[in-house]
Amino acid sequence: FQGAIYDRQASYWKKQLQGAPPEISLPTDHPRPAAQHFHGAKQFFTLPDDLAKAAEAIGREEGATLFMVLLAAYQTHLYSITGQYDIVVGSTIAGRLHTETEPLIGFFANTLALRTKLDGNPTFREVLRRAKETCVGAYAHQEMSFEKLVETVKPPRDPSRNPLFQVNFRVQTIEPPLLELDGLSLEWKEVDHLISRFDLAMELSAYNGFSGYIEYSTDLFDVTTVRRWAERFEKLLAALLAEPGKPIRDIPAFASTPASNRVSLKETRRKPVEVTKRR
């Protein structure tokens with residue numbers, strides 16, 4: 001990974017991430033610790049199956065995958081929470097571009113930085129087109145590892161947060177195979193491992209129903225806040241899919257966030273901390 005291949009990939013990512021915000025201004029329930037501790041939890045939720053069908057339908061109309069549709073909705077959701085229209089979301093990709101890797105055992109996955117700008121009060125169809133363009137470009141330049149990307153782009157570094165993005169998004173559309181053992185009946189079950197690698201991460205599964213979970217940093221957010229965001233995402237997704245030609249800021253589900261909740265991370269960290277002296 002050097003020479004012309006590196007130059008081409010580096011040129012794309014430098015241009016794509018130039019001027020990107022170093023952080024997403026999610027309103028936190030607690031001041032951000034000086035260093036990231038990765039304490040976390042998961043909030044599970046289930047979505048109506050008709051939303052998955054509606055998302056697939058608009059994807060077919062726009063020549064987009066289900067992932068692109070749901071990513072566009074998630075970035076719109078983040079915009080509605082933060083008031084920040086320039087959104088960078090991380091997402092995992094399989095990383096097996098070459099046929100020679102197919103028979104090999106190993107972890108080839110890479111993480112992409114997907115940046116979409118939602119300025120100008122676009123319709124959801126336009127947001128989807130922007131997200132699609134972002135994804136197609138990122139897929140074509142996915143050979144640069146995330147570690148090399150950080151080294152190349154040189155974003156501001158802060159030990160309290162991940163570089164380039166602090167929010168992650170994943171969609172599972174293929175049901176994992178079930179191990180068959182004589183005399184045993186097995187089923188997959190989601191487990192909360194009490195770790196969060198990001199401030200916030202959402203994973204949606206579009207097989208055997210439409211469900212998902214939000215993985216969140218318990219150092220920053222309370223479960224009530226995350227549960228409320230999950231409910232808001234469902235309402236906003238339904239509204240976006242029902243009226244994809246309507247400007248997103250004109251959709252009631254987008255504008256329903258109270259202004260008092262739109263507090264930036266910097267504003268949250270400026271709050272004084274009361275210290276009680278003991279004798």
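1. Strand 5 and strand 6 make a hairpin, with four residues between the two strands. In the turn, N208 has a positive phi of about 50°. The model is a predicted one, and the points below should be read with that in mind.

2. The two arms of this hairpin, strand 5 and strand 6 (residues 210-217), run antiparallel and are joined by six bridges. One pair to look at is E203, whose bridge partner in strand 6 is Y213.

3. Strand 5 also pairs with strand 4 (residues 167-172): six bridges join them, and here the strands run parallel. V171 has L204 of strand 5 as its bridge partner.

4. Is strand 5 (residues 200-205) enclosed or open? Six of its six residues are buried, that is, under 20% relative accessible area, so the strand is largely enclosed by the rest of the structure. Both faces are covered. L200, M202 and L204 are buried on one side, and A201, E203 and S205 are buried on the other.

5. Helix 4 (residues 124-140) has 17 residues, which at 1.5 Å a residue should span 24 Å. The C-alpha atoms at its ends are 24 Å apart, so the model agrees with the expected span.

6. The buried residues of helix 4 are F124, V127, L128, A131, T134, C135, G137 and A138. An α-helix has 3.6 residues a turn, so residues three or four places apart point the same way.

7. What do the buried residues of helix 4 pack against? Their partners are helix 1 (3-17), helix 2 (49-62), helix 3 (66-82), strand 3 (110-117) and helix 6 (223-242).

Terms used: Residues are numbered from 1 along each chain as its sequence is written. This is a predicted model: local features need pLDDT of at least 70, side-chain atom pairs count only at pLDDT 80 or more; totals for chains, interfaces and linings use all residues. Side-chain values use heavy atoms; hydrogens and water are left out. The expected span of a helix is 1.5 Å times one less than its number of residues. Buried means under 20% relative accessible area, exposed over 50%, partly exposed in between (1.4 Å probe, protein chains only). Contact means heavy atoms within 4.5 Å. Two strands pair if DSSP finds at least two bridges between them.
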